[in-house]
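Colleague: I have just opened this one and do not know my way around yet. Could you walk me through it?

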Amino acid sequence: MLSSSSGLSSGLPDPDGLLAEQLLRLSRRLHRSQKRQLESADIAITPAQSRLLRTLAHYDEPPRMADLAARLEVVPRAVTSLVDGLEASGRVRRAPDPTNRRVIRIELTDTGRATLRALRDARRAAAEDILAPLTADQREVLGGLLSTLVDGPGPDC
């Protein structure tokens, strides 16, 4: 049963629902634009692989597969499949842990670092395309609003 506060049963507009739909549409548009940028640069990579590369870049030393699975909030088998694909393309390599030969660590290769640069360039170009209609002031306001949504209210709230 729908509540009257949803706006659906009362015939009133649902502003939060509209905002959610706009955010989803914007996110899809950003992904499509980034995908076009990557295709034009001849970079073949899945969204999950790019997420793993970005995550890998945040470690100070090469992580274990279990570390990556925990950080990505996926099962270890999913990481194994992603690493297999990235290793086949030369973007990562499996390396033995120097202190425990039973442990395998995942390292970025030079090709992987170049792919990360291409991903950043594609994301930046996609954002420039989408943000083009906004003034600098509007972009600053949007950035503040998005930070609030992503990070939650600050300690002063």
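Modeller: What follows is a short tour of the pocket, the salt bridges and a surface patch.

Modeller: This is a predicted model, in which local features need pLDDT of at least 70 and side-chain atom pairs count only at pLDDT 80 or more, while totals for chains, interfaces and linings use all residues. Residues are numbered from 1 along each chain as its sequence is written, and side-chain values use heavy atoms, with hydrogens and water left out.

Colleague: Okay, what volume does the largest pocket have?

Modeller: The volume of the largest pocket is about 920 Å³, taken as the space filled by probe spheres set on grid points that are joined across faces, edges and corners. A pocket here is an open set of points on a 1 Å grid over the protein atoms alone, where a 1.4 Å probe fits, with protein on both sides within 12 Å along at least five of seven lines, and lining residues have an atom within 4 Å of a point.

Colleague: And which residues lie nearest its centre?

Modeller: Of the 29 residues that line the largest pocket, Leu26, Ser27, Leu30, His31 and Ile130 lie nearest its centre. The elements giving two or more residues to this lining are H1, helix H2 (47-56), helix H5 (110-131) and H6, and H1 gives the most, with 11 residues. Helices are DSSP runs of H or I with at least four residues, strands are runs of E with at least two, and both are numbered from the N terminus.

Colleague: How does that lining divide into nonpolar, polar and charged?

Modeller: The lining of the largest pocket has 19 nonpolar, six polar and four charged residues, where Ala, Val, Leu, Ile, Met, Phe, Trp, Tyr, Cys and Pro count as nonpolar, Asp, Glu, Lys and Arg as charged, and the others, Gly among them, as polar.

Colleague: Changing topic, how many salt bridges does the structure hold?

Modeller: The structure holds eight salt bridges, each being a side-chain nitrogen of Lys or Arg within 4 Å of a carboxyl oxygen of Asp or Glu. One of them joins Glu107 and Arg93 at 2.8 Å, N to O. Because Glu107 lies in strand E2 (residues 104-108) and Arg93 in strand E1 (residues 92-96), this pair ties together parts that are 14 residues apart in sequence.

Colleague: What about Arg105 and Asp97, are they buried or exposed?

Modeller: Arg105 counts as buried at 19% relative accessibility, and Asp97 counts as buried at 8%, since buried means under 20% relative accessible area, exposed over 50%, and partly exposed in between, with a 1.4 Å probe and protein chains only. Their salt bridge brings the closest N and O atoms to 2.5 Å apart. Elsewhere, Asp84, Glu87 and Arg94 are joined into one network by salt bridges that share partners.

Colleague: Back to the outside, which residues make the nonpolar surface patch?

Modeller: Leu23, Leu146, Leu149 and Val150 make a nonpolar surface patch of about 410 Å². Its largest share, three residues, comes from helix H6 (residues 136-151), while Leu23 is found in helix H1 (residues 15-40) and counts as partly exposed at 46% relative accessibility. Patches are made of residues with over 30% relative accessible area and no salt bridge, with like charges joined within 9 Å and nonpolar side chains (Val, Leu, Ile, Met, Phe, Trp, Tyr) within 5 Å, and accessible areas come from the Shrake-Rupley method with a 1.4 Å probe, where for residues only the protein chains shown count as cover.
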